[in-house]
Amino acid sequence: TEGTTMLCCSQCRIGFYCQRSCQKKHWKLHKSACIAVVAAEARMATKKREATKATNAAKRRGTVEQIVCAICIGPAEKPVDLPCGHAYCGSCLGNLRKRGGSISNRKCPLCRADLPPDLDRLYDLAERSYHHILRQAADRSVAREIKLKGKITRRDVLNGVRLDQLCAQALGQEMGSLPPNEKEELSQAYAMYKEAADQGHMLSAQRLGEAYAQGHGGVSVDHELSYRYYTTAAEQGDVFSQYNAGVARRDGTGCAQSYEVAFEWWTKAAKQGWADANNELGLLYERG
């Protein structure tokens, strides 16, 4: 009705509703368009960042000038490069986004270019898409087992097998035969993971590190990229990434081999209670 304040979809920001109940009812129809819009924003932001990053690297080459954050007016800590070419402290950029939902707070403070999609928004939608595809692949795998073996139930198939392991295994087996709509949804998920990880999002970086290490989710194995993303997450305290960064350093997979650096990563993971890291440290001490 006239004068009613419309609610905006917090994810894609292009859908408007008269009230929250209408939004909930419409979500199943809106979901695919919402994810497609955010994925397209992520791809565009990544493309622009890669172009401006190369230009900025060429300008900075041969200089020792430190990147200055225009928000805190100090040396940029864990700088995040925006698609427009400007860089800010990761924490400053996060605080800028948290100040409110107004459009003015979603623009670069220097050039007023739109900020890339929010990290949590990217990760949330990527996780929804990724796990939806996993569940679909697992359901098909279970159905095949039941059809093949006859009088067994879903519980029999899952007996002794963790559901997340079955999902990952099923997705790996089906990558070449996924329906086109699921392939596109998976591609959108990884576009969102990548944009979030390139802005320093810990869990997205961990997800990409695992994907590039094992070739999960339709991405090709790339150990250098895997180590880069594991390191991004490990530096923020992700214990799984700390352990795997140590393994990469031990084996020289995608990086220079170094037992010293592996020891440092495993020590950090062990302090957080990661059992495999304690085991690796024990082997290092045993072998000297």
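**The largest pocket, helix 7 and two loop residues**

Thirty residues line the largest pocket, and Val80, Leu119, Gln199, Gly200 and His201 lie nearest its centre. A pocket here is an open set of points on a 1 Å grid over the protein atoms alone, where a 1.4 Å probe fits, with protein on both sides within 12 Å along at least five of seven lines; lining residues have an atom within 4 Å of a point. The model is predicted, with pLDDT of at least 70 needed for local features and 80 or more for side-chain atom pairs, while totals for chains, interfaces and linings use all residues. Residues are numbered from 1 along each chain, and side-chain values use heavy atoms, without hydrogens and water.

The lining of this pocket divides into 14 charged residues, 10 polar and 6 nonpolar. Charged means Asp, Glu, Lys and Arg; nonpolar means Ala, Val, Leu, Ile, Met, Phe, Trp, Tyr, Cys and Pro; the others, Gly among them, are polar. Helix 2 gives the most, with 7 residues. Helices (H or I, at least four residues) and strands (E, at least two) are DSSP runs, numbered from the N terminus.

Among the buried residues (under 20% relative accessible area, 1.4 Å probe, protein chains only) of helix 7 are Arg207, Glu210 and Tyr212. Just after helix 7, Gly215 has a positive phi of about 75 degrees.

Most residues other than glycine have a negative phi. Ile73, not a glycine, has a positive phi of about 55 degrees and lies in the loop between strand 3 (68-69) and strand 4 (74-75). Ile73 counts as exposed (over 50%) because its relative accessibility is 66%.
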